[in-house]
Amino acid sequence: MNAEDFSSPVFVRRSVYIVQEIANLADAIDFLNDWPEDQQDLTHLAALRACLDACDGQKPLSAARHAFLDFAKRCEILEDPMSAMKWIAACKKARA
């Protein structure tokens, strides 16, 4: 396990048919940096700041994960981990 890996991944809905796994700080920062500018608000800024601070060692990793979770909930893009895992498994099975 990488030092920047979250204790458990966060699954977010990127679009109607795309669920993305956010497993670590780099994933969270990339996701937040790609968030549409016209939808960026204080929750987005707080999540990004928490992730950047954790990356610099100024905040614990758990604070960054919690801030990202709050952002995902507020934006209504948080996916249930069990549902996401079933969907991912089904996609991998279909490819095989």
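How much area does the chain expose, and what share of it do carbon and sulfur atoms supply? The chain exposes about 6300 Å², and 53% of that comes from carbon and sulfur atoms. Keep in mind as you explore that this is a predicted model.

## The chain at a glance

Let us start with the overall layout. The chain has 4 helices and 3 strands. Followed along the sequence, these elements come in the order β-β-α-α-α-β-α.

The chain has 96 residues, and 32% of them count as buried. What share of the contacts between residues at least 6 apart in sequence join residues at least 24 apart? The share is 49%.

## Where helix 1 meets helix 3

A good place to look next is the pairing of helix 1, residues 25-34, with helix 3, residues 61-74. Two packed helices are described by the angle between their axes and by the distance between the axes. Here the axes come within 11 Å and cross at roughly 35 degrees. The crossing of helix 1 past helix 3 is left-handed.

Which residues make this contact? Helix 1 brings L25, A28, F31 and L32, and helix 3 brings L61, A64, F68 and F71. Sorted by class, the contact has 8 nonpolar residues, with no polar and no charged ones.

## L25, a residue of that contact

L25 belongs to helix 1. Is L25 buried or exposed? L25 counts as buried because its relative accessibility is 2%, and the cut-off for buried is under 20%.

Setting aside neighbours within four places in sequence, L25 is in contact with E4, F6, C51, A54, C55, L61 and A64. Two of these names, L61 and A64, also appear on the helix 3 side of the contact described above. You can also follow L25 towards F68: these residues are 43 apart along the chain, and their C-alpha atoms are separated by 9.6 Å.

## A cluster of aromatic rings

Now turn to the rings. The structure holds 4 aromatic pairs. A pair of aromatic rings is described by the distance of the centres and the angle of the planes. F31 and W35 form one such pair, at 5.8 Å from centre to centre with 35 degrees between the planes, and this pair is tilted. F31 has a relative accessible area of 3% and is buried; W35, at 12%, is buried too.

Why is the pair of F31 and F68 called edge-to-face? Their ring centres are 5.8 Å apart and their planes stand at 80 degrees, so the pair is edge-to-face, the cut-off being over 60 degrees. Because F31 lies in helix 1 and F68 in helix 3, this pair ties together parts that are 37 residues apart in sequence. Both F31 and F68 are buried. Ring pairs link F31, W35, F68 and F71 into a cluster.

## R14 in strand 1

R14 sits in strand 1, which spans residues 5-15. With a relative accessible area of 38%, R14 is partly exposed. Not counting residues up to four places away in sequence, R14 touches Q20, F31 and D34. That list includes F31, a member of the ring cluster.

R14 can also be compared with L78 in position: the C-alpha atoms of R14 and L78 are separated by 9.5 Å, while the two residues are 64 apart along the chain.

## L69 and E76, late in the chain

L69 has its place in helix 3. Its relative accessible area is 16%, so L69 is buried. Which residues does L69 touch, not counting those up to four places away in sequence? L69 touches V10 and L78. The C-alpha atoms of L69 and F11 are separated by 9.3 Å, with their places 58 residues apart along the chain.

E76 is found in the loop between helix 3 and strand 3, the latter covering 78-79. Although E76 is not a glycine, E76 has a positive phi of about 60 degrees. Is E76 buried or exposed? E76 is exposed, because its relative accessible area is 62% and exposed means over 50%.

Definitions and conventions:
Residues are numbered from 1 along each chain as its sequence is written. This is a predicted model: local features need pLDDT of at least 70, side-chain atom pairs count only at pLDDT 80 or more; totals for chains, interfaces and linings use all residues. Side-chain values use heavy atoms; hydrogens and water are left out. Axes are lines fitted to C-alpha atoms, for helices over the stretch in contact, and angles run from 0 to 180 degrees between N-to-C directions. Helices (H or I, at least four residues) and strands (E, at least two) are DSSP runs, numbered from the N terminus. A crossing is left-handed if the near helix is turned anticlockwise from the far one by less than a right angle, and right-handed if clockwise. Contact means heavy atoms within 4.5 Å. Ala, Val, Leu, Ile, Met, Phe, Trp, Tyr, Cys and Pro count as nonpolar, Asp, Glu, Lys and Arg as charged, and the others, Gly among them, as polar. Rings of Phe, Tyr and Trp (its six-membered ring) pair if their centres lie within 6.5 Å; planes under 30 degrees apart count as stacked, over 60 as edge-to-face and the rest as tilted. Buried means under 20% relative accessible area, exposed over 50%, partly exposed in between (1.4 Å probe, protein chains only). Accessible areas come from the Shrake-Rupley method with a 1.4 Å probe; for residues, only the protein chains shown count as cover.
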